[in-house]
Amino acid sequence: MTTLALIDEAAILAVLDTVPDPEIPALSITDLGIVRGFAVDPPRVRISPTYTGCPATVAIEQAIRDALDSAGFREVAVERVLFPPWTTEWISERGRQRLLAYGIAPPSPSATATCPQCGSADTEEVSRFGATPCKAQWRCRSCLEPFDRFKCH
Ligand SMILES: [Zn+2]
């Protein structure tokens, strides 16, 4: 008789919610939407890395491993799922609010960004490349503040 290992998904999610994104510590990895679910036999959490080739991916996986280990979930493996690929649409509503509060315009399909400082939509892109390859540099024409905008994927 085989027994499928049951995993406490809510407890594990609570642990994952404490793991910050290495690039934007204001966001947890659950805000980012990279936690895709669970599987049993063997018990594992499935994650989709954000950007292909983004050095943060390895750091995220290590941070998840460390958090699970210290919370007593040593038996839970971390499985990387590449398809479907992560998209910025998976960033949660809370994640978008946190990005904005952190001074980063959340990703959106719209051609204009909303200034995280003053809320003006009168903004322009300065450079496709901001502080990291994942962000573009923008400037607000109303308050003249520069800001990063999360690129849409
Ligand atoms: Zn502004």
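Which residue forms a salt bridge with R80? The legends below begin with that pair; the model shown is predicted.

**Figure 1. The salt bridge between R80 and E61.** E61 is the partner of R80, and the closest N and O atoms of the two are 2.5 Å apart. R80 belongs to strand β3 (residues 77–80) and E61 to helix α3 (residues 56–70), so this pair ties together parts that are 19 residues apart in sequence. R80 is partly exposed, at 43% relative accessibility. Side chains of opposite charge can pair when their charged atoms come close.

**Figure 2. The salt bridge between R94 and D17.** Here the closest N and O atoms are 2.7 Å apart. The pair links distant parts of the chain, 77 residues apart: R94 sits in helix α4 (residues 93–101), while D17 sits in the loop between α1 (9–16) and α2 (29–32). R94 has a relative accessibility of 37% and counts as partly exposed. D17 is also partly exposed, with a relative accessible area of 28%.

**Figure 3. The salt bridge between E124 and R141.** The closest N and O atoms of E124 and R141 are 3.4 Å apart. E124 lies in strand β5 (residues 123–127), and R141 lies in the loop between β6 (135–140) and β7 (146–150), so the pair ties together parts that are 17 residues apart in sequence. E124 is partly exposed, its relative accessible area being 24%. For R141, which is partly exposed, the value is 43%.

**Figure 4. A network of salt bridges that includes D17 and R94.** Salt bridges with shared partners join D17, D31, R94 and R98 into one network. A search of the whole structure finds 12 salt bridges. Among the residues of this network, R94 and D17 form the pair of Figure 2.

**Figure 5. The zinc ion and its four cysteine donors.** C115, C118, C140 and C143 coordinate the zinc ion through their SG atoms, at 2.3 Å. Along the chain, the donors follow the spacing C-x2-C-x21-C-x2-C. The four donor atoms subtend angles of 106 to 116° around the zinc ion, and the arrangement is therefore tetrahedral.

**Figure 6. Two of the zinc donors, C140 and C143.** Which of these is buried and which is partly exposed? C140 has a relative accessible area of 0% and is therefore buried, whereas C143, with a relative accessible area of 29%, is partly exposed. Both residues coordinate the zinc ion through SG.

Key:
Residues are numbered from 1 along each chain as its sequence is written. This is a predicted model: local features need pLDDT of at least 70, side-chain atom pairs count only at pLDDT 80 or more; totals for chains, interfaces and linings use all residues. Side-chain values use heavy atoms; hydrogens and water are left out. A salt bridge is a side-chain nitrogen of Lys or Arg within 4 Å of a carboxyl oxygen of Asp or Glu. Helices (H or I, at least four residues) and strands (E, at least two) are DSSP runs, numbered from the N terminus. Buried means under 20% relative accessible area, exposed over 50%, partly exposed in between (1.4 Å probe, protein chains only). Donors are N, O and S atoms within 2.8 Å of the metal (3.2 Å for Na, K and Ca); water is not among the atoms, so sites may look incomplete. Four donors count as tetrahedral if all angles lie between 85 and 135 degrees; four count as square planar and six as octahedral if opposite donors are over 155 degrees apart and all others between 65 and 115; anything else is irregular.
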